[in-house]
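Me: I am new to this structure and would like a close look at one part of it, namely the region around its main nonpolar core. Please take me through it slowly, and then show me what else I should be able to find in the model.

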Amino acid sequence: MNWLKDLPLEQISETLAGFFAFWARITDGVPAGQLPLIVYAVCSALVLVLWLLVMRLIPRPFKGISWVFVAAVLFAPGQAAGNTGEIAPAMLGVFHAILMKDFLGALSAAVPIFAVFAALLVVGAVWQMARSVIAANAEKQQQTLQIQEQRRQYLQAQNQHSNEAE
């Protein structure tokens, strides 16, 4: 509990006040209806960037898969609670259904998350295949250049050797 007494509360409050003043300047001209969407998009992007730090702790094959899963959970579209027809993140529908103990509803609300997850995995697989093809072509081109350089040096050495023999 001693660490709690030693917290620089004045500095923390000044930093928070500065952040809120900065946020107020940024959102000054934004209509009230657009503000929740902007906050959600910015915070989701921030979560994905911070997840890059967490990925350092995860074994290599699961790094990209975990990032794709977090992106799918954050950005999968769903419906708002109730029958309003408003679009909301699918994770809200899942949480609402779990809180209401409607596990079948939670599963049906999670379908968009699974669909986005699968689509992002396919995009990631295509990206990895394209990267490997590009890397293989670059390596092959580098080896071809090395062989050509060795051949040029060999022919040059033979020409010098034959010139010395004459």
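Reply:
**The core and its surroundings**

The place of S44 is in helix α3, and since this is a predicted model, everything that follows describes computed coordinates. S44 has a relative accessibility of 3%, under the 20% limit, and therefore counts as buried. Leaving aside residues up to four places away in sequence, S44 touches L74 and F75.

The first of these partners, L74, leads into the core itself. With the same kind of sequence neighbours left out, that is, those up to four places away, L74 touches Y40, S44, V47, L48, P89 and M91. Two of these contact partners, L48 and M91, reappear together with L74, V94 and I113 as the residues with the most contacts inside the largest nonpolar core, which has 13 residues. The elements that give two or more residues to this core are α4, α5 (90-99) and α6, and of the elements it is α4 that gives the most, with 5 residues.

A second way to approach the core is through A76, which lies in the loop between α4 and β1 (77-79). What does A76 touch, once residues up to four places away in sequence are set aside? The contacts of A76 are with A71, A88, P89, A90, P112, I113 and V116, and among these I113 is one of the residues with the most contacts inside the core, while P89 is also touched by L74. A76 has a relative accessibility of 1%, and because buried means under 20%, A76 counts as buried. One of its contacts can be followed along the backbone too: A76 and P112 are 36 residues apart along the chain, yet their C-alpha atoms are separated by 5.8 Å.

From the core we can turn to the open space in the model. The largest pocket has a volume of about 410 Å³, and the elements that give two or more residues to its lining are α4 (60-75) and α6 (103-165). The lining consists of 15 residues, of which G64, V68, G124, W127 and Q128 lie nearest the centre of the pocket. The largest contribution to this lining comes from α6, with 8 residues. By type, the lining residues divide into 10 nonpolar, 3 polar and 2 charged.

The loops offer two further places to look. T27 sits in the loop between α2 (9-26) and α3 (35-54), and its relative accessibility of 14% is the reason why T27 counts as buried. A polar atom of the T27 side chain lies 2.8 Å from the backbone oxygen of W23. In the loop between α5 and α6 you will find K101, which has a positive phi of about 60 degrees although it is not a glycine. Is K101 buried or exposed? K101 counts as exposed, because its relative accessibility is 67% and exposed means over 50%.

Finally, N159 is found in helix α6, and because its relative accessibility is 47%, N159 counts as partly exposed. The C-alpha atoms of N159 and A32 are separated by 80 Å, and the two residues are 127 residues apart along the chain.

Notes: Residues are numbered from 1 along each chain as its sequence is written. This is a predicted model: local features need pLDDT of at least 70, side-chain atom pairs count only at pLDDT 80 or more; totals for chains, interfaces and linings use all residues. Side-chain values use heavy atoms; hydrogens and water are left out. Helices (H or I, at least four residues) and strands (E, at least two) are DSSP runs, numbered from the N terminus. Buried means under 20% relative accessible area, exposed over 50%, partly exposed in between (1.4 Å probe, protein chains only). A polar contact is a pair of N or O atoms within 3.5 Å; within protein, one must be able to donate a hydrogen and the other to accept it, and residues adjacent in sequence count only if both atoms are side-chain atoms. On a 1 Å grid over the protein atoms alone, a cavity is a set of points where a 1.4 Å probe fits but cannot get out, and a pocket is an open set with protein on both sides within 12 Å along at least five of seven lines; lining residues have an atom within 4 Å of a point. Grid points are joined across faces, edges and corners, and a volume is the space filled by probe spheres set on the points. Ala, Val, Leu, Ile, Met, Phe, Trp, Tyr, Cys and Pro count as nonpolar, Asp, Glu, Lys and Arg as charged, and the others, Gly among them, as polar. A nonpolar core is a set of buried Ala, Val, Leu, Ile, Met, Phe, Trp, Tyr and Cys residues joined through side-chain atoms within 4.5 Å. Contact means heavy atoms within 4.5 Å.
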